[in-house]
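Here is a friendly walk through a structure, section by section. Please have the sequence and the 3D view at hand as you read.

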Amino acid sequence: MSKYYLLQDSERCIGCLACEVSCKSNKSLPVGPALCKNMSVGPVEIKSLPRVRFVFMPCFHCEDPWCLDVCPSGAIQKRAGDGIVFIEPNLCIGCKSCITACPWGACQWDPAAAKAVKCDYCKDRLDEGLKPACVTKCLTQCLEFGVADKLPSGRRERFAAQIARDAFNPKG
Amino acid sequence: MDGNKAPNVKGVDSPGRRTVYSLCGMCAVRCPIQVEVQDGRVVWIQGNPNDKTMGTSLCAKGAAAIAFENDDERPQYPLIRTGARGGGQWRRASWDEALDYIAEKLQGVIDKFGGKGIAFSDRGGPFADLQKTFVKSLGSPNYFNHDCTCGRNAQHASQSLFGMGRKGLGMDIKNTKHLVLYGRNMIESLQVKEVKDFMDALGKGAKCTYIDVRATLTASKASRFWMIRPNTEYALNLAFIHVVLAENLYDADFVKKWVVGLDELRESVKETTPEWAEKMTGVPAGEIKAAIREIAADRPNVIFHLGWMTARHRQSFYTSRTAHILNALMGNIEQTGGLIIAKGTGDYGLKGLNKLDQRAPKVEDPRVDGVGTKFKHFDKGPGLMHLLFPAILSGEPYPMGAYIAYRHDPLTSLPDPDVMKQALDKLDLIVSIDVNYSETAWYADVILPEATFLERGSIIAEKKGAKPNLQLRDQCISPRFDSRPAWWIFREILRRLGKSEPLEFETLEDIWAYQLEGTDVSLEELRSKGVLGLVSKEERRDRDTGLGFKTASGKVEMISPALDEAGLPSLAPFYDPPANEPGQFNLVFGRVAYHNHAHTMNNPLLNELMSENALWINKATGGELGIGDGDTIEVKSNGYSTKGKVRLTEFIHPEAAFMVHGFGRTVPLQTRTYGKGMADQRLMKGKLTSYDPAGGGNCLTETVISVKKA
Ligand code: SF4
Ligand code: SF4
Ligand code: SF4
């Protein structure tokens with residue numbers, strides 16, 4: 001597992017897809033591959049209201065990456081220090097093994113380069129002290145990026161505030 | 001200097017890394033952005049964090065701006081038509097040649113009809129001073145914008161009550177406790193800062209009542225959603241007001257001080273009970289009562305949104321007007337979490353920007369659309385564009401000879417393009433100045449490619465608000481192709497006509513210097529931030545004595561003298577729209593968050609997210625018609641028919657059908673979007689001349705379509 005975590009607050013996400021486009025723009029990707037996807041589920045009716053949930057799917061940068069294990073050319077590597085899993089494009093032979101292996105579809109195919117591509121948490125940006133492209137531009141700032149052992153507590157805070165509001169104002 | 005080249009803003013070509021603050025141009029919101037340029041190429045764009053609300057956020061369209069910049073499928077050099085209009089045959093022209101051609105034709109029109117024979121339209125916005133100056137310099141009163149298919153009804157509703165336009169009262173969404181939205185799809189027709197405020201408010205526990213014919217993503221965040229019968233929200237407001245007055249839920253103190261005509265209002269809603277409204281709208285009476293009581297309990301920190309895109313039906317003006325009446329009854333004016341009167345530099349005792357417009361000679365001729373003469377209750381500024389076409393066709397009140405579209409695409413954004421084309425065919429000259437091949441550009445005689453928003457600077461914008469500020473669109477890079485900035489194009493046309501005095505500046509910096517002259521602001525300061533607040537402390541007006549409404553009485557007027565004079569009711573009875581036959585639907589249109597109205601459909605990154613629209617219809621209704629989800633359907637209206645895909649969903653009212661606007665494009669050079677999807681405006685047969693007589697906006701959602709399996 002990389003030392004980082006990318007957290008989405010689905011309640012604050014609006015499905016605007018700025019994250020996906022920011023990612024593609026930053027990586028100059030052609031039509032086809034999407035290194036992150038914000039999947040929407042719904043609308044479904046919950047307590048007679050339409051509700052949509054969002055699930056942000058970048059790469060999870062696994063501790064024991066399926067993609068890395070199957071890569072025959074050593075193109076998929078794990079960065080020493082922070083555990084980011086990335087593809088070294090010069091070594092990628094385009095065999096697509098990683099695309100088959102990743103259980104979450106995080107590895108993608110770049111038809112223009114004829115190579116596999118995947119999310120690297122924008123490691124070049126991280127090295128400059130910046131955040132990944134998707135997180136930086138996320139329209140509602142519902143994506144948070146940080147070190148996994150210092151996770152933000154926004155959701156807990158909101159939940160606590162909600163409980164308190166209900167308690168102070170029983171009629172709703 | 002090459003006389004044919006527009007000078008860049010100084011420093012644009014310098015090598016290495018530069019950070020430039022600018023304003024996004026991917027939609028008409030124009031969010032503040034920070035642009036990173038590496039050796040003359042844009043490598044990164046994000047929100048401008050000097051604007052606290054904006055932060056580094058940017059929407060998908062803004063994020064696709066580099067793809068737009070790098071796209072070759074946009075006009076690259078001036079084009080002069082060689083074949084028939086709309087035939088798609090062009091020849092490349094030099095700027096001198098194209099501008100000479102335009103000037104010669106314009107001179108002919110001026111000789112024949114006077115300057116007033118030239119019409120011009122844009123999409124409004126904070127740089128309109130430049131365009132207005134150009135039109136005025138031509139000697140024409142006929143400056144139009146897109147607003148007849150956008151916010152005119154809301155604009156006029158606001159004026160009729162407060163004497164101020166719709167932007168005269170800003171919404172403090174971030175701090176509101178309850179926001180009522182009538183089809184205002186905040187999340188998908190998005191403005192970055194507004195959405196952030198909206199989500200902040202919800203996060204703090206604010207409620208949102210969302211009323212629409214379909215469940216949008218905004219509905220999915222709302223605390224109450226009513227799927228209302230198409231075109232009936234006005235009835236709902238009449239019932240709200242009925243309950244507010246019957247149960248004394250209003251702010252009596254505020255109303256006593258600031259509202260005139262309460263008795264007339266009371267009289268007008270005597271019978272519009274929630275039970276009555278239930279029959280009109282389909283919203284249960286009990287829910288209407290519960291909602292308005294809940295909202296009133298949170299007053300004054302509540303907002304009834306008067307709508308943004310309100311060109312919907314014949315009572316849209318009255319919907320906006322009653323929304324604002326409810327605001328006044330809630331006493332939410334100049335209140336945190338309510339409406340805050342927008343203040344300009346003058347309100348804070350500061351000198352504002354010098355306007356370009358004041359350099360141009362006054363034009364005495366009346367407008368060709370009759371606004372200001374025949375129609376005195378409409379705001380003269382941008383007139384009503386839909387009235388231009390019948391005027392061209394009839395030659396009344398006077399003949400027209402030329403039309404210039406600047407970044408505006410009426411053949412997409414106004415209804416019934418066939419009728420517009422008939423009118424345009426009568427003109428000697430049609431020019432389109434645009435960064436895109438719009439449908440109108442494709443029908444024009446000359447296309448002048450404007451430099452993209454990254455390649456041009458614009459005049460400085462002054463924004464009113466709780467605290468006024470200045471915003472700069474700086475130039476980030478040199479134009480990639482043979483394109484020019486608008487200020488230069490306008491000046492060059494005027495120079496050729498000997499009318500350039502008002503825009504006689506050598507460089508954009510000279511214009512900026514003129515605008516800033518006498519203010520306390522230096523260009524360096526503005527450029528170093530992009531957005532510059534002009535006051536540190538917000539001042540509110542005194543709610544007892546100083547609200548200063550701009551009506552004749554100085555108060556909120558339930559009865560508007562202007563409407564009276566026009567023979568129109570201020571408090572109109574509800575018109576119950578007829579029910580649709582089986583297989584027929586009211587056509588409603590809208591947006592998704594990752595396309596703007598009509599010019600991102602061909603953007604590589606955005607087209608990938610959505611390359612075609614589908615018609616939403618109700619699942620059960622579709623089933624009855626033998627239509628399955630994803631089927632190809634034929635959609636018809638008044639003799640026009642088109643084919644496309646259908647999406648069945650239980651989240652749309654059975655009497656409504658919905659599609660995303662902007663598709664069905666006919667310009668073959670836009671290969672990614674050419675011929676894909678359906679164009680709602682072509683289905684809106686007969687709607688060019690159908691408008692709300694009190695508000696002026698077109699009645700677009702009164703379009704009835706029939707749908708069957710293809
Ligand atoms: S690509 Fe898939 S398998 Fe590889 S690290 Fe990412 S999530 Fe794990
Ligand atoms: S940018 Fe943020 S708010 Fe928009 S879809 Fe992505 S995660 Fe959600
Ligand atoms: S809303 Fe999006 S496209 Fe429009 S100006 Fe803002 S960032 Fe640009």
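Which side chains meet in a salt bridge at 2.6 Å, N to O? They are those of Lys24(A) and Glu608(B). Do keep in mind that this is a predicted model.

## Where chains A and B meet

Let us begin with the interface as a whole. Chain B contributes 39 residues to the contact and chain A contributes 38 residues. Together the two chains bury about 3,000 Å², with 61% of that area on carbon and sulfur atoms. Glu608(B) appears again here: with Trp44(B) and Phe651(B), it supplies 20% of the area that chain B buries against chain A, more than any other three residues.

Turning to polar pairings, the count between chain B and chain A is 2 salt bridges, one of them being the Lys24(A) and Glu608(B) pair. Across this interface there are also 16 residue pairs in polar contact, both partners at pLDDT 80 or more. On the side of chain B that touches chain A, at least two residues each come from strand S3 (41–47), helix H1 (60–63), helix H6 (192–203), strand S11 (224–227) and helix H21 (604–609) of chain B. H6(B) gives the most, with 6 residues. By residue class, that side of chain B divides into 25 nonpolar, 7 polar and 7 charged.

## The annotated domain and ligand 3

An unreviewed UniProt entry carries the annotation "domain: 4Fe-4S Mo/W bis-MGD-type" for residues 17–73 of chain B. Over that stretch the chain is 18% helix and 37% strand, and its end C-alpha atoms lie 28 Å apart.

Now look at ligand 3. Its surroundings include four cysteines, Cys24(B), Cys27(B), Cys31(B) and Cys59(B), along with Met26(B), Val29(B), Arg30(B), Leu58(B), Lys61(B), Gly62(B), Leu190(B) and Val192(B). This shell divides into 9 nonpolar, 1 polar and 2 charged residues.

## Backbone details worth a look

Chain B offers two cis peptide bonds to visit. One runs from Arg299(B) to Pro300(B), with omega near 10°; Pro300(B) sits in the loop between helix H11 (285–297) and strand S13 (302–304) of chain B. Another joins Glu396(B) and Pro397(B), where omega is about 0°, and Pro397(B) belongs to the loop between helix H13 (388–394) and strand S15 (402–406) of chain B.

In chain A, stop at Gln141(A), which has a positive phi of about 60° although it is not a glycine. You will find Gln141(A) in the loop between helix H5 (133–137) and strand S8 (143–147) of chain A.

Methods. Residues are numbered from 1 along each chain as its sequence is written. Chains are lettered from A and ligands numbered from 1 in the order in which they are written. This is a predicted model: local features need pLDDT of at least 70, side-chain atom pairs count only at pLDDT 80 or more; totals for chains, interfaces and linings use all residues. Side-chain values use heavy atoms; hydrogens and water are left out. UniProt positions are given in the numbering used here, feature names are shortened, and annotations may be inferred rather than shown by experiment. Helices (H or I, at least four residues) and strands (E, at least two) are DSSP runs, numbered from the N terminus. A residue is near a molecule or strand if one of its heavy atoms lies within 4 Å of it. Ala, Val, Leu, Ile, Met, Phe, Trp, Tyr, Cys and Pro count as nonpolar, Asp, Glu, Lys and Arg as charged, and the others, Gly among them, as polar. Contact means heavy atoms within 4.5 Å. Buried area is the accessible area (1.4 Å probe) that two parts lose on being put together, summed over both. A salt bridge is a side-chain nitrogen of Lys or Arg within 4 Å of a carboxyl oxygen of Asp or Glu. A polar contact is a pair of N or O atoms within 3.5 Å; within protein, one must be able to donate a hydrogen and the other to accept it, and residues adjacent in sequence count only if both atoms are side-chain atoms.
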